[in-house]
Amino acid sequence: QVQLVESGGGLVQAGDSLRLSCTASGRTFDNYPMGWFRRAPGKEREFVAAINWSGGDTYYADSVKGRFTISRDNAKNTVYLQINNLKPEDTAVYYCAPTYPNLKTPMNNYWGQGTQVTVSS
């Protein structure tokens, strides 16, 4: 059974940093682009960042450019999201998923449980 497990979230203060991890089990995704998405309270899930299979190409939502960095370690079957200078508007449940080649559209069959990030002002 394919499973994606996100971790690393928490309750932090504005300006703090977090590193989120997403580890796959049951299969590998090293040939797939991978993305991070988030769902804030009362809002639709939105794209945050994506990385191609080799890690050589990344893509970010305008709202997170300069603060978020996506990376991957295919040997560990893990994708990371480094978040710096957290803001209250970053409060959301963060999910990872493989994406289509456009690096933005998620493959919807692989959502995990997500990891909660809560930023206090």
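## Rings and charges: a short tour

Guide: Welcome! In this predicted model, Arg27 lies over the face of Phe29, 4.7 Å from the ring centre.

Visitor: Which ring does Arg45 lie over?

Guide: Here the partner is again a ring seen from its face. The distance to the ring centre is 4.8 Å, and the ring belongs to Tyr95.

Visitor: How many aromatic pairs does a search of the whole structure find, and what is the angle between the planes of Tyr95 and Trp111?

Guide: The search of the whole structure gives six aromatic pairs. Tyr95 and Trp111 make one that is edge-to-face, with 5.9 Å from centre to centre. Planes over 60 degrees apart count as edge-to-face, and the angle in this pair is 80°.

Visitor: Where do Tyr95 and Trp111 sit, and how many residues apart are they?

Guide: Tyr95 belongs to strand 9, residues 92-98. Trp111 is in the loop between strand 9 and strand 10. The pair links distant parts of the chain, and the separation is 16 residues.

Visitor: Is Trp111 buried or exposed, or something in between?

Guide: Buried means under 20% relative accessible area, and exposed means over 50%. Tyr95, at 11%, therefore counts as buried. Trp111 has 23% relative accessibility, so its label is partly exposed.

Visitor: Which residues do ring pairs link into a cluster?

Guide: Tyr95 and Trp111 are both members of this cluster. Ring pairs join them with Phe37, Phe47 and Tyr59.

Visitor: Turning to salt bridges, how far apart are the closest N and O atoms of Glu46 and Arg38?

Guide: A search of the whole structure finds four salt bridges. In the one between Glu46 and Arg38, Glu46 is partly exposed at 36%, whereas Arg38 is buried at 6%. Their closest N and O atoms are 2.7 Å apart.

Visitor: Why does the pair of Asp90 and Arg38 tie together parts that are apart in sequence?

Guide: The side chains of Asp90 and Arg38 meet in a salt bridge at 3.0 Å, N to O. Asp90 is in the loop between strand 8 and strand 9, while Arg38 is in strand 4, so the parts tied together are apart in sequence by 52 residues.

Visitor: Which residues are linked in a network of salt bridges?

Guide: Asp90 also forms a salt bridge with Arg67, with closest N and O atoms 2.7 Å apart. Both Asp90 and Arg67 are buried, Asp90 at 0% relative accessibility. The network is made up of Arg38, Glu46, Arg67 and Asp90.

Key
Residues are numbered from 1 along each chain as its sequence is written. This is a predicted model: local features need pLDDT of at least 70, side-chain atom pairs count only at pLDDT 80 or more; totals for chains, interfaces and linings use all residues. Side-chain values use heavy atoms; hydrogens and water are left out. Rings of Phe, Tyr and Trp (its six-membered ring) pair if their centres lie within 6.5 Å; planes under 30 degrees apart count as stacked, over 60 as edge-to-face and the rest as tilted. Helices (H or I, at least four residues) and strands (E, at least two) are DSSP runs, numbered from the N terminus. Buried means under 20% relative accessible area, exposed over 50%, partly exposed in between (1.4 Å probe, protein chains only). A charge sits over a ring if NZ of Lys or CZ of Arg is within 6 Å of the ring centre and within 35 degrees of the ring normal.
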